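Visitor: I am new to this one. Could you walk me through it, one question at a time?

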Amino acid sequence: MKSIASAPAKIILFGEHFVVHGTKAILAAINKRVTVTTTVTETRTLTGTLKINSQLGTFEIPMYDDPKQANFLSVENYDLGLSMIKSEFRPFVYLVGKMLDDARSRTSVPLNFQYGGLEITIDSDIPIGVGLGSSSACCVAAAASISELFKKLSSEKILNLSIEAEKTIFPDTSGADCTVCTYGGMIEYPSIEKIGNTFDLNLLIANSMIPHSTKRSVEKVSKFKENNEERFSQLCDLENGLIGEVNLALKNKDLTTLGLKMSENQKYLEEIQVSNDTLRGMISSLKEISLGTKITGAGDGGCIIALVKDENMDKVPALLPKDKECFSAKIDTKGVEGKREK
Ligand code: PMV
């Protein structure tokens, strides 16, 4: 038996970083996906094996060390156990442990008799660590894929599980990324309501090819906040105000204002110091042909997004340095999807 689930990548159009400190944000799911397949590999062994295969490597861990079903991945072991596991595998181990614990509370039959071993395989076309939400999409797809083998969950429960799983790598996550990966479309976080009127936005994504650490960038911004409390609070107010204006621009299909607001948002991101010379260089190369350009995601590397007029799309590759990748993104409306197979 196996369960396959996929979830989309995301971009943040407005509000990254500030959203961690309570502002709204506008995000969209895009047409790149990660697929997580969870397969039952063995039945009725004493210890069972959880195997995880991803492009980052392979990892194996026993699932049960007590045949009386006090499973190895139980909640009591999380802090110690999870901290010893490489961060890229932690969310999957957490999710399996969580589902086993939940199953244990519902049944008196030893879990190893019911669930055997599991193999989780991750296939992704989302670039890793560049601000397109690859880790959140993985957590959402994994929560859907793993839970499906144990218990049917609502989207809301999948979302909550995925946020908890992501916290095993990045405890301060705002939850905005997992939310848009779960529901798809364009949303104004914290609402999950889709913004209907997204017309045909030509969104170009350019990758600086510099990987970043979201955790480190978020910590850096927290330091900035500590040292500049008043200004940071003003910037949060400005961000919320800007998002209000963006909503109006979206309603009026006003691309010019939308672009201007993106560039304004970039100024706030510059001020909190998550930009760098490479990103500034890329933003400036696209100046002539874009209505607005900004970082998307944590910054300090990663990707920028540009709102580009249709007739200018072809001109983009020639304007960017040769070592940068770029592609146009379409908004994904489906969010997480999954199915179980025999
Ligand atoms: O770079 P990414 O895809 O990990 O996005 C991070 C977005 C932040 O706002 C910086 C953090 C968050 O949890 O919202």
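Visitor: In which sense do strand S2 and S6 pair?
Guide: This is a predicted model. In it, strand S2 covers residues 25-42, and S6 covers residues 186-189. Four bridges link the two strands, and their sense is antiparallel.

Visitor: Which residue in S6 is the bridge partner of alanine 28?
Guide: Look along S6, at residues 186-189. The bridge from alanine 28 leads to methionine 186.

Visitor: Are the faces of strand S6 covered or open?
Guide: In a regular strand, side chains alternate between the two faces of the sheet. On one side of S6 sit Met186 and Glu188, both buried. On the other sit Ile187 and Tyr189, buried as well. So by the under 20% cut-off for buried, both faces of S6 are covered.

Visitor: How many of the eight residues of helix H6 are buried?
Guide: Helix H6 spans residues 176-183. Its buried residues include Ala176, Asp177, Cys178 and Tyr183. The helix is largely enclosed by the rest of the structure, because the buried count is eight of the eight.

Visitor: Which elements do the buried residues of H6 pack against?
Guide: Two of the partners are helices: H4 (134-150) and H5 (155-167). Strands join in too. Those are S1 (2-14), S2 and S6.

Visitor: What phi does glycine 184 take?
Guide: Glycine 184 comes just after H6. Its phi is positive, at about 75 degrees.

Visitor: Is the peptide bond from tyrosine 189 to proline 190 cis or trans?
Guide: Proline 190 lies in the loop between S6 and strand S7 (203-207). Most peptide bonds are trans. Here omega is near 15 degrees, and the bond is cis.

Visitor: Is lysine 253 buried or exposed?
Guide: Lysine 253 lies in the loop between helix H8 (229-251) and H9. Its phi is near 50 degrees, a positive value in a residue other than glycine. Its relative accessible area is 52%. The cut-off is over 50%, so lysine 253 counts as exposed.

Visitor: And valine 274, what is its relative accessible area?
Guide: Valine 274 sits in the loop between helix H9 (255-271) and helix H10 (277-285). Setting aside neighbours within four places in sequence, its contacts include His17, Lys220, Ile295 and Asp300. Valine 274 is buried, and its value is 0%.

Visitor: What separates the C-alpha atoms of valine 274 and glycine 301?
Guide: Along the chain, these two are 27 residues apart. In space, their C-alpha atoms are separated by 8.4 Å.

Visitor: What is the phi of aspartate 300?
Guide: Aspartate 300 is in the loop between strand S8 (290-296) and strand S9 (303-308). Most residues other than glycine have a negative phi. Aspartate 300 has a positive one, near 60 degrees.

Visitor: Now the whole chain. What is its radius of gyration?
Guide: The chain has eleven helices and eleven strands. It holds 342 residues, and a compact globule of that length would be near 20 Å. The chain agrees with this, because its value is 21 Å.

Visitor: What share of contacts join residues at least 24 apart?
Guide: Count contacts between residues at least 6 apart in sequence. Of these, the share joining residues at least 24 apart is 74%.

Visitor: How far apart lie the centres of the positive and negative side chains?
Guide: There are 40 positive and 44 negative side chains. The centres of the two sets lie apart by 3 Å.

Technical notes:
Residues are numbered from 1 along each chain as its sequence is written. This is a predicted model: local features need pLDDT of at least 70, side-chain atom pairs count only at pLDDT 80 or more; totals for chains, interfaces and linings use all residues. Side-chain values use heavy atoms; hydrogens and water are left out. The radius of gyration is taken over C-alpha atoms; the globule rule is 2.2 Å times the number of residues to the power 0.38. Contact means heavy atoms within 4.5 Å. Lys and Arg count as positive and Asp and Glu as negative; His and the chain ends are not counted. The place of a charge is taken as NZ of Lys, CZ of Arg, CG of Asp or CD of Glu. Buried means under 20% relative accessible area, exposed over 50%, partly exposed in between (1.4 Å probe, protein chains only). Two strands pair if DSSP finds at least two bridges between them.
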